[in-house]
Amino acid sequence: MNADNAIEVRNLTKEFKVSRDGAKTLKEFLVRRHTRSEKHVVLSDISLDIRKGETVGLIGVNGSGKSTLLKLMTKIIYPTKGTVETNGRVTSLLELGAGFHPDFTGRENIYFNASIFGMTKKQIDGRLDDIIAFSELGPAIDDPIRTYSSGMYMRLAFSVAINVDADILLIDEILAVGDAHFQKKCFDKLEELKRSGTTIVIVSHALDQVKSLCTRCVWIYRGQLRLDGDPTYVIEAYKKQSAIDHKEERKAAIANGTADYKGVVFIDAPRSLTVVNKGESLPLIGWKIADSDEYDFTITANGEKVSGIKEVPRPDVIDIYKDEYAGYIEGTKPGFEAFYIPEAEGELDIRAFITIDGRDIAEKSVTVTVE
């Protein structure tokens, strides 16, 4: 192993055996006798070096294999093929409450958990006050941890993990638990560990946090290493592919009848109950989105179709809906502008709607008064 590396992964493949017997009762199981099983390849031929002192983010959609890779680094599970080597003491935060016994107190579990990471009782004694103080659990430290909330579990687990003088810290999404104050405290501590030279590997869906904290980003896509490099570049590529995948999945779901089209329309102006003057140009402004590349958008005023609708950029709308409508909203102009001149006094009903395959899938109406 290269002395400059904290972690070396070589030609790693991990398979799991999945049973497909389908037996629902003991009788069915005994009659069938033979259980069908299939191999599920979670990771395929991964090779990776993580140098000492690096802070690396592992990203990918659920099921891509990133958490499995982290578990292989901790040696909780082992590769089907290939090798994983680590250089130094490893500590990990993988699953909430892992290494804790629910019937013992927080204080007692500090000793159990820290000993798993290789600390002696004397070393734990010297760090006990620091661990308890960082956790902010106060008197609850002497309560059984089965009485703890998920946030309290996270406080205790993180407090132990950062106080065992580890060379390598592995974290799997656990920092998503807890209040904003303690999350900030955790990230401040991670910045401190980063400056001290600790190697940190984080699995997270919080891409902004990965971008700000990590010096490098590794994207795992369908069990394979897709991209490795600068976090900003890798995250942008990941988001583009995720949008493509989301769009294809949505199309397939609509085609097979397990989902239906959806859309949103909003009219920013005019507002309902607005009073306007007859004969004056009335601006119609808003935005629309649909999960289809082909749809009809119409505006009517008291049933009369409004012409001259212009699409305009609305970066605020794209930012808000970029995840929900991934693959459909990128590069579009979701905003609209049009003008209508009311020629009669009274109530004016303005309706904006999206139509796909002859069906209205989204609509917004406002009523204004013409004087």
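**Notebook: a cavity, two cores and α5**

I began with the largest cavity in this predicted model, and I noted that α8 supplies the largest share of its lining, 4 residues. Searching the whole structure, I found 1 cavity of 30 Å³ or more, and its volume comes to about 30 Å³. I listed the lining residues as Val61, Trp219, Tyr221, Tyr238, Gln241, Ser242 and Asp245; β8 (216-221) and α8 (231-255) are the elements that give two or more residues to this lining. Sorted by class, the lining holds 4 nonpolar, 2 polar and 1 charged residues.

Next I looked up the largest nonpolar core, which has 36 residues, with Ile110, Tyr148, Leu156, Phe158 and Leu190 making the most contacts inside it. Two or more residues each come from α3 (106-116), α4 (121-135), α5 (150-161), β6 (168-172), α6 (180-196) and β7 (199-203), and the largest share, 7 residues, is that of α5. I also recorded a second, separate core of 24 residues, which includes Leu12, Val42, Leu48 and Ile77.

I then turned to α5 itself and asked how its span compares with expectation: at 1.5 Å a residue its 12 residues should span 16 Å, and the end C-alpha atoms are 16 Å apart, which agrees. I counted 10 of its 12 residues as buried, so α5 is largely enclosed by the rest of the structure; the buried ones include Gly151, Arg155 and Ser159. Among the elements that cover them are β5 (90-93), α3, α4, β6 and α6.

Last, I followed Leu156 beyond its neighbours within four places in sequence, and I found it in contact with Phe100, Gly106, Ile110, Ser135, Leu137, Ile141, Ile145 and Tyr148.

How values were computed: Residues numbered from 1 in each chain as written. Predicted model: local features only at pLDDT ≥ 70, side-chain atom pairs only at ≥ 80, totals over all residues. Heavy atoms only, no water. Core = buried A, V, L, I, M, F, W, Y, C linked by side-chain atoms within 4.5 Å. Buried < 20%, exposed > 50% of the residue type's maximum accessible area, 1.4 Å probe, protein only. Contact = heavy atoms within 4.5 Å. Expected span 1.5 Å × (residues − 1). 1 Å grid on protein atoms, 1.4 Å probe; cavity = no way out; pocket = protein on both sides within 12 Å on 5 of 7 lines; lining within 4 Å. Points joined across faces, edges and corners; volume = space filled by probe spheres on them. Nonpolar A, V, L, I, M, F, W, Y, C, P; charged D, E, K, R; others polar.
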